[in-house]
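Here is a short briefing for a first look. Start with the overall layout, then turn to the details.

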Amino acid sequence: MSDYTSGSTAENEDFSAFIANVRKATSIDLSQYKETQMRRRLTTLRVKNGFPDFTSYFKAIMDEPRLRNEFLDRMTINVSEFWRNPNRWTLLMERFLPDMLKRSPKLKVWSAACSTGEEPYTIAMILDRLGALGQATLIASDIDEGVLARAKNGVYPERSVREVPKEMAAAYLSGSGDAFQVDEKLKRAVRFQKQNLLFDDFQDGFDLIVCRNVMIYFTEEAKQQLYEKFAKALKPGGILFVGSTEQIFSPGQYGLETADTFFYRRIV
Ligand SMILES: C[S@@+](CC[C@H](N)C(=O)[O-])C[C@H]1O[C@@H](n2cnc3c(N)ncnc32)[C@H](O)[C@@H]1O
């Protein structure tokens, strides 16, 4: 738990009570997110909507779906992109996945905190290119139902797809401008589901878990718990792929070793 030191005592108590109420009502534990960033974002939102404190704001988000959705949207920062940090995806495609496929043609893959679907569809393109999509199980999850609905729809603006290699774009995307559509074959291959990484149980037996650009929002304690859960969810030899500001310090404590920058392997 962080200490709420950035406001007056009354303000800090008001915000602490808000966190406790949100946890009771939604299972979302805001105390596991970095406090300064989270509090700043939520304060801006509360003030914009004209609420003098978090107590009145909480009542309003319970009563009004529009405010509740806006709150969920703001606490979950949904920015994503296909092939974000391209050279890491190339490494996954040219080295890690071919190695895994030598051991087993049936891969179990999870895109955790997948936002609007750019990441699982990037994985699906790569698996298809390697001839492994048909036999793969590809799960994609996020805490936010709104982004999952958009992910299932599979339509993206140009800025989301600009890093997709040309030959991949030609094979798996159609349309132009504000509406690039993902090929039906990829859409059928991804199983989207709602999941809270900080609360729900994980499946296991994964060859690959991709979890990028969400752990930066979590406290150290929450991150450590998550690394442990991810390590257990991997097969021995399985790979965890993290975001480019999310290196794991001392991966050995979780039963992981560094396989390359931003890639960690479960030690057998
Ligand atoms: C910045 S996006 C990252 C998207 C994608 N992984 C990428 O790197 O491009 C962060 C996502 O994490 C999700 N998220 C935040 N807290 C979560 C939690 N506790 N459990 C699952 N997903 C969460 C948000 O809804 C959001 O879609």
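This is a predicted model. The domain assignment splits the protein chain into domain 1 (9-75) and domain 2 (86-266). Taken over C-alpha atoms, the centres of domain 1 and domain 2 are 30 Å apart.

**Between the domains**

- Nine residues of domain 1 contact twelve residues of domain 2.
- The size of an interface is often given as the accessible area lost when the parts come together.
- Here, domain 1 and domain 2 bury about 940 Å² between them. Carbon and sulfur atoms account for 49% of that area.
- Gln32, Tyr33 and Lys34 supply 59% of the area that domain 1 buries against domain 2. That is more than any other three residues supply.
- The rule finds zero salt bridges across the interface of domain 1 and domain 2. Three residue pairs are in polar contact there.
- On the side of domain 1 that touches domain 2, three residues are nonpolar, four are polar and two are charged.

**Around the ligand**

- The ligand has 21 residues around it. Tyr33, Ser80, Arg84, Asp142 and Asn213 come nearest.
- By class, the shell around the ligand has nine nonpolar, seven polar and five charged residues.

**Polar atoms at the ligand**

- Arginine 84 places a polar side-chain atom 2.8 Å from an oxygen atom of the ligand.
- Asparagine 213 has a side-chain N or O atom 2.7 Å from an oxygen atom of the ligand.
- Arginine 212 uses its backbone: an N or O atom there lies 2.9 Å from a nitrogen atom of the ligand.
- On its own, the ligand has 610 Å² of accessible area, and the protein covers 98% of it.

Technical notes. Residues numbered from 1 in each chain as written. Predicted model: local features only at pLDDT ≥ 70, side-chain atom pairs only at ≥ 80, totals over all residues. Heavy atoms only, no water. Domains from an automatic or database assignment. Contact = heavy atoms within 4.5 Å. Buried area = accessible area lost by both parts, 1.4 Å probe. Salt bridge = Lys/Arg side-chain N within 4 Å of Asp/Glu carboxyl O. Polar contact = N/O pair within 3.5 Å; in protein donor to acceptor, adjacent residues only side chain to side chain. Nonpolar A, V, L, I, M, F, W, Y, C, P; charged D, E, K, R; others polar. Near = heavy atom within 4 Å. Areas by Shrake-Rupley, 256 points an atom, 1.4 Å probe, with all protein chains shown as cover.
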